Amino acid sequence: MKLPKYKWPILLLSALLTACSTNEPIVKNQNVSLQLLQKGQDSELAYQLLESLTVEVGPRLPGSPADLQAVNWAVTQLNRLGFDRVYKEAVTVPVWHRGQAHADIVAPYPQPLVITALGGSIATPAEGITADIIRFTSLAALELASVDEVFGKIVFIDHKTERHINGQGYGQTVPGRSKGAVSAAKKGAVAILIRSIGTDSDRMPHTGMMRYQPDVKPIPAAALSNPDADLITAMLKRQQGVRIQLDLSPQDQGTATSYNVIAELTGSSKPEEIVLIGAHLDSWDEGTGALDDGAGVAIVTAAAKLIADLPTRPARTIRVVLFAAEEIGLVGAKQYVIDHQHELNLHYIAAESDFGAGSIYQLDVNVNPEVLTAVQHYMMPLADLGVNAGNNQARGAPDVSLFPALGVPVASLRQDGRDYFDYHHTPNDTLDKVDPISLKQNVAVWSQFTYLMAQSELPLRPIVEQD
């Protein structure tokens, strides 16, 4: 027998009435939310955690000694802050060592270039690679080229990343980084250089993960700083035959064990149900990972600590997950899904902070559409910090993006990312780029969001019709 559609309003009304009962009135929840707002804006904890991570650990590439130092740091900090339960779960991660990267224009106008290897790249031969550049404005343009045009050359993808508050320019250019080497190799290229996937004009190239395909011969891959990409383009306007000498020495070093680090605050009346808030603990190896994603680690940890310090715990368990190895392919998140498949149906909602420390301006969700309006109304206290109600198309940030397909509702707390890709994956990702005031706003919003979700009676998952 199928559930009649007319029962939806009845179910929603019932949920709202339950939320307004004498045990868990909406007014009380929102009053606590407002208390968290003020405490979040006053708290120095997130900045203290972030400074500690970047100074005492610094860059933490998955599988490196610093990665394990970060794990130990996280366990120590979470225990110090008094979470009910702190534990770690093993994750097998590939280990890649960057080595050295060097490139020069050897003709027609000899000049040095500033480059960095893309994550996962192979090395050049010991003698390096010297070849002419062939320029394409995008990955799509490369894919339309003939083998004759590309064979024996170094492919140069010159696709500029546009600046947007939500970072959407990144999504338009990042395929050139992740897929460009395979597309170039299929056409006989000997290497690939890409314009950095970044919005800055600093002479600091942006690294990031790229992929090979088992049936396609791998070629070395590197990113040029944006000014160096401009330099090559200007030379090509004068004449063809721009020749590059390229030396890369990265190494694949097998696998190692890293860890997802998890901390919990046990719920008072529904401890089996989980509100997951996460970030990723690893970072690339050239900066100190302050924005990506030390800020996220600090934000969700500090937000949960504010809730832990309340006189009364919320109904649901709050689970802080610091994922391993996000940068190299969501490795920790994939392992979390395997390790927790038995309880994914108990995850009420999940969200991740992984977009730096810019102020939050919008809350998007991905929930049962029948209760979207009710969720937006319930989250109205966030408006006091400038957070607007958004849409129902949230992906939940990279690690948590695995969850919607598994039936877990997610949320995206949208941050102002207009300068995020100035620093992303560069040596410039350092503590001084974090605005302490914006960081506090994040903590206040995340603590409010997390508390309200841990108290909510709204049915966020679609009700499955049964025969």
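This dialogue walks through a predicted model, from its confidence to its sheets and helices.

Biologist: Where is pLDDT under 50 in this predicted model?

Modeller: Start with the general rule. Where pLDDT is low, the predicted coordinates should not be read in detail. Here pLDDT stays under 50 over residues 1-24. For that stretch the model has 36 contacts beyond four places in sequence. The protein as a whole averages a pLDDT of 93, and 94% of the residues score at least 70.

Biologist: Now the sheets. What is the strand order in the open sheet that contains strand 9?

Modeller: Strands of a sheet pair through backbone hydrogen bonds, either parallel or antiparallel. This sheet has eight strands in the order 3-2-9-5-6-7-8-4. Its pairing is mixed.

Biologist: Why do strand 3 and strand 4 each have one side without a neighbour in the sheet?

Modeller: Strand 3 (111-113) and strand 4 (115-117) stand at the edges. Each has a single partner strand, so one side is left without a neighbour in the sheet. Look at the twist too. Neighbouring strands of this sheet are turned by 30° against each other on average, ignoring direction.

Biologist: How many bridges join strand 5 to strand 9?

Modeller: Four bridges join strand 5 (residues 129-136) to strand 9 (residues 243-248). The two run antiparallel. To find the place, pick A131, whose bridge partner in strand 9 is I244.

Biologist: Which helices lie on this sheet?

Modeller: Take helix 7 (residues 168-186), which lies across strand 6, strand 7 and strand 8. Helix 7 runs at about 150° to strand 7. Helix 8 (residues 226-238) also packs on the sheet. Among the strands helix 8 touches are strand 2, strand 3 and strand 9.

Biologist: What is the strand order in the open sheet with strand 1 and strand 15?

Modeller: The order is 1-10-12-11-13-16-14-15, again with mixed pairing. Strand 1 (85-97) and strand 15 are the edge strands, each pairing on one side only.

Biologist: Parallel or antiparallel: how does strand 14 pair with strand 16, and how with strand 15?

Modeller: Strand 14 (residues 360-366) pairs with strand 16 (residues 410-415) in the antiparallel sense, over six bridges. L363 has L413 as its bridge partner in strand 16. With strand 15 (residues 388-389), strand 14 pairs in the parallel sense over two bridges. There Q362 is matched with N388.

Biologist: Which strands does helix 9 lie across?

Modeller: Helix 9 lies across strand 10, strand 11, strand 12 and strand 16. Helix 9 runs at about 150° to strand 11. Helix 10 (residues 331-339) lies across strand 1, strand 10, strand 11, strand 12 and strand 13.

Biologist: Last topic, helix pairs. At what angle do helix 2 and helix 13 cross?

Modeller: Angles over 145 degrees count as roughly antiparallel. The axes of helix 2 (residues 26-42) and helix 13 (residues 436-455) cross at roughly 155° and come within 7 Å. Helix 2 and helix 13 are therefore roughly antiparallel. The crossing is right-handed. Residues that meet include V32 and L36 of helix 2 and V443 and Y451 of helix 13. By class, the contact has eight nonpolar, seven polar and two charged residues.

Biologist: And at what angle do helix 3 and helix 9 cross?

Modeller: The axes of helix 3 (residues 45-56) and helix 9 (residues 290-308) cross at roughly 140° and come within 8 Å. That makes helix 3 oblique to helix 9. The contact includes L49 and L53 of helix 3 and A298 and K305 of helix 9. This contact has nine nonpolar, three polar and one charged residues.

Technical notes: Residues numbered from 1 in each chain as written. Predicted model: local features only at pLDDT ≥ 70, side-chain atom pairs only at ≥ 80, totals over all residues. Heavy atoms only, no water. Axes fitted to C-alpha atoms, helices over the stretch in contact; angles between N-to-C directions. Parallel < 35°, antiparallel > 145°, perpendicular 65-115°, else oblique. Left-handed = near helix turned anticlockwise from the far one by under 90°. Contact = heavy atoms within 4.5 Å. Nonpolar A, V, L, I, M, F, W, Y, C, P; charged D, E, K, R; others polar. Pairing = 2+ DSSP bridges. pLDDT = per-residue confidence, 0-100.
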